[in-house]
Amino acid sequence: MKLIALGDNCIDHYRNTGKLFPGGNAVNVAVHAARLGFEAEYLGCLGDDAYAEVLERALRENHVAAAYCVRLPAHTTKICRYDVAQGERSLVEVVAGPAWAGPVRLDRRALAHLAEADLVASSCNAKIAGQLAAVQALAPIFVYDFGEKEKYRTDAYYDLVCHQIDLAMFSCRPMERAVFAAFCAPLHRRGVVHVLATLGAQGQLLSDGKNIYQKGLRAVSACDTMGAGDAFLASFSCALYRAGWQKGRVMPPSALMNALAEGQRVSAQNCMREGGFGYGVLCPKHAGGEGKQI
């Protein structure tokens, strides 16, 4: 399987420890797919600053292709700053800067390349909602992470992004099955094949439009939950593909439950290391440098 992760990238800066971690939904998903043995690629916009060099090095060293990325001279990488303590993080600020590399604009060449994939993964953080109809019209399976924010759960947003989605994933607070069924209804009406909700310590709920599946969670003592959802999405999608997933196909219960188990396994492993996928570098100011970020 060839997976192309389409969308955002950033540097996660753990301010109180001085560590930098390459990340962003699409970058994290691509790296996890590569680690699971699949051909993986990241497609997005990259700046030309030192942070972009860290991102490119992390992709290369994790065997993720990036040849179709758009590199923008004189543009900068988005920085997400956190304070982290005992595995929990609090967002301090997001710094995009006046010349942020920003969302990718897909031309005919990029769309033709995406059509060569078996599976395309993107998210609300890609900020390319207006371009998704063209992407979803292509042959590859399409998965989309709606994240946790309410602004991405409105009828207007669903109308904008739901064209041919094979899997829609949400990060949610715990909810009952009946509430989840009502939550999924507007998505299935718009043709979404599978809807997945990760519920923290309550596990996951999954709907195929007719049936709801639930899998409880075995608790782990997390070192860092950054990127846990991205690890889950990548491993869940890869497991379904191994089971014969095709665009528009509703998968059988056994395949769905196995994919949930695989998602839990890989996500739990990722929580045992820092950052989106455990690849960190130290800021020079924490190593006797002159005080610059990189």
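The following exchange asks how the terms used for this predicted model follow from their definitions.

User: What should be known about the model before its terms are used?

Analyst: This is a predicted model, in which local features need pLDDT of at least 70 and side-chain atom pairs count only at pLDDT 80 or more, while totals for chains, interfaces and linings use all residues. Residues are numbered from 1 along each chain as its sequence is written, and side-chain values use heavy atoms, with hydrogens and water left out.

User: What makes a stretch count as a helix or a strand, and how many of each does the chain have?

Analyst: Both are DSSP runs, numbered from the N terminus: a helix is H or I with at least four residues, and a strand is E with at least two. By this rule the chain has eight helices and 16 strands.

User: How do you know that strand 2 and strand 3 pair?

Analyst: Two strands pair if DSSP finds at least two bridges between them. Five bridges join strand 2 (residues 10–14) to strand 3 (residues 19–23), so the condition is met; the two strands run antiparallel. One of the bridges has C10 with G23 of strand 3 as its partner.

User: Why are strand 9 and strand 16 said to stand at the edges?

Analyst: They belong to an open sheet of five strands with the order 9-8-2-3-16 and mixed pairing. Strand 9 (88–95) and strand 16 (281–282) each have a single partner strand, so one side of each lacks a neighbour in the sheet.

User: Which strands are the edges of the nine-strand sheet?

Analyst: That open sheet has the order 6-4-1-10-11-12-13-14-15, with mixed pairing. Strand 6 (64–65) and strand 15 (212–215) pair on one side only and are its edge strands. Helix 7 (residues 228–242) packs on this sheet, touching strands that include strand 12 (167–171), and its direction makes about 155° with that of strand 12. Contact here means heavy atoms within 4.5 Å; axes are lines fitted to C-alpha atoms, for helices over the stretch in contact, and angles run from 0 to 180 degrees between N-to-C directions.

User: What makes a space a cavity, and how many are there of 30 Å³ or more?

Analyst: On a 1 Å grid over the protein atoms alone, a cavity is a set of points where a 1.4 Å probe fits but cannot get out; lining residues have an atom within 4 Å of a point. Grid points are joined across faces, edges and corners, and the volume is the space filled by probe spheres set on the points. The count comes to two cavities of 30 Å³ or more. The largest holds about 90 Å³, and the second largest about 50 Å³. Among the residues lining the second largest are L6, N25 and D230.

User: Why does the radius of gyration agree with a compact globule?

Analyst: The radius is taken over C-alpha atoms, and the globule rule is 2.2 Å times the number of residues to the power 0.38. For 294 residues a compact globule would have a value near 19 Å; the chain has 18 Å, and therefore agrees.

Note on methods
On a 1 Å grid over the protein atoms alone, a cavity is a set of points where a 1.4 Å probe fits but cannot get out, and a pocket is an open set with protein on both sides within 12 Å along at least five of seven lines; lining residues have an atom within 4 Å of a point.
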